[in-house]
Amino acid sequence: MIDEDEALRIAALGLTIDEAIFQYADAAFEGGVFSDENRTNTRVIDGACIFHNRPGFAGGEGCALHLAAMQDDENPIEYKPSICWQAPLKVDHHDDGSKTLRPWKRPDWDGGLESMAWCCTTKGGDDEALASAFVGDVTVGESLHAELRGLVGPEIAVQLRERHR
Ligand code: SF4
């Protein structure tokens, strides 16, 4: 989590999400949702995030936080950890107060090691994976408009959306 407020929010959601849409609600109640007392990472159960409902779960596959937000008619970025809704967008904050918006790269995650295999990260020398990770039917300014609003503010997000219409 990026700060204590986010950790508190995720902890509270872990205790309150309807178990009908949260496969590991019992585990969250018994052992919490973080990997340790630093509360920087979500807990891993059977090789995946505690919030990840597995294929076949009756309440819905995927992120239970995302499902809870949809159920509450809220934007998922209000429920999920920042890194989960920001990726694949990354903002670098510079000393002069300016910001640079760019894609996440593998070195941002693990220093360039191969410990994380993820379709949205660039993989050195893998042109096919790289090409498939950065294409879509609509522009990023359109498809990730809500995320861009959260990252760079509504004014710039609208400018980015309009630029390629
Ligand atoms: S989006 Fe984040 S919180 Fe949700 S299942 Fe994936 S890693 Fe966990």
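**Close-up views of a predicted model**

**View 1. Ala11 in the first helix.** Ala11 sits in helix H1, which covers residues 4-16. In this predicted model, Ala11 comes out as partly exposed because it has 16 other C-beta atoms within 10 Å, and a buried residue would need 20 or more. Look across to Phe34 as well: Ala11 and Phe34 are 23 residues apart along the chain, yet their C-alpha atoms are separated by 7.9 Å.

**View 2. Ile2, ahead of the helix.** Ile2 belongs to the segment before H1. With 11 other C-beta atoms within 10 Å, Ile2 is exposed, since the cut-off for that class is 12 or fewer. Its partner in this view is Ile83, 81 residues apart from Ile2 in sequence but 8.3 Å apart in space, going C-alpha to C-alpha.

**View 3. The nonpolar core and helix H3.** The largest nonpolar core holds 16 residues, and Ile21, Ala64, Leu65 and Ala68 have the most contacts inside it. Helix H3 (residues 64-71) gives the most to this core, putting in five residues. As a rule, nonpolar side chains in soluble globular proteins tend to be buried together. The buried residues in H3 are Ala64, Leu65, Leu67, Ala68 and Ala69. What covers them includes H1, along with strand E3 (52-53) and strand E4 (62-63). Just past the helix comes Asp73, with a positive phi near 60°.

**View 4. The ligand and its shell.** Which residues surround the ligand? They are Thr42, Cys49, Phe51, His52, Cys63, Leu65, Lys80, Pro81 and Cys84. By type, the shell splits into six nonpolar residues, two polar and one charged. Leu65 turns up here too, having already appeared among the core residues with the most contacts. Leaving out residues up to four places away in sequence, Leu65 touches Leu13, Phe51, Tyr79 and Lys80. Two of the residues it touches, Phe51 and Lys80, also belong to the shell around the ligand.

**View 5. The E5-E6 hairpin.** Strand E5 (residues 89-93) pairs with strand E6 (residues 99-103) in the antiparallel sense, over five bridges. Leu89 stands opposite Pro103 in E6. The hairpin has five residues between its strands, and Gly97 takes a positive phi near 95°. How many of the five residues of E5 are buried? The count is zero, so to speak a strand that is hardly covered.

**View 6. A cis peptide bond before E5.** Going from Ala87 to Pro88, the peptide bond is cis, with omega near 15°. Pro88 is found in the loop that runs between helix H4 (82-86) and E5.

**View 7. Two non-glycine residues with positive phi.** Arg39 is not a glycine, but its phi is positive, about 55°. Arg39 lies in the loop between helix H2 (25-31) and strand E1 (44-45). Arg39 counts as partly exposed because it has 17 C-beta neighbours inside 10 Å. Asp46 is not a glycine either, and has a positive phi of about 50°. Its place is in the loop between E1 and strand E2 (48-49). Is Asp46 buried or exposed? Asp46 counts as exposed, because it has 8 C-beta neighbours inside 10 Å.

**View 8. The whole chain, for context.** The secondary structure comes to nine helices and six strands. Buried residues make up 16% of the 165 residues in the chain. Among contacts with a separation of 6 or more, 32% are between residues 24 or more positions apart.

Key. Residues numbered from 1 in each chain as written. Predicted model: local features only at pLDDT ≥ 70, side-chain atom pairs only at ≥ 80, totals over all residues. Near = placed C-beta within 6 Å. Nonpolar A, V, L, I, M, F, W, Y, C, P; charged D, E, K, R; others polar. Helix = DSSP H or I, 4+ residues; strand = E, 2+ residues; numbered from the N terminus. Core = buried A, V, L, I, M, F, W, Y, C linked by C-beta atoms within 7 Å. Contact = placed C-beta atoms within 7 Å. Pairing = 2+ DSSP bridges.
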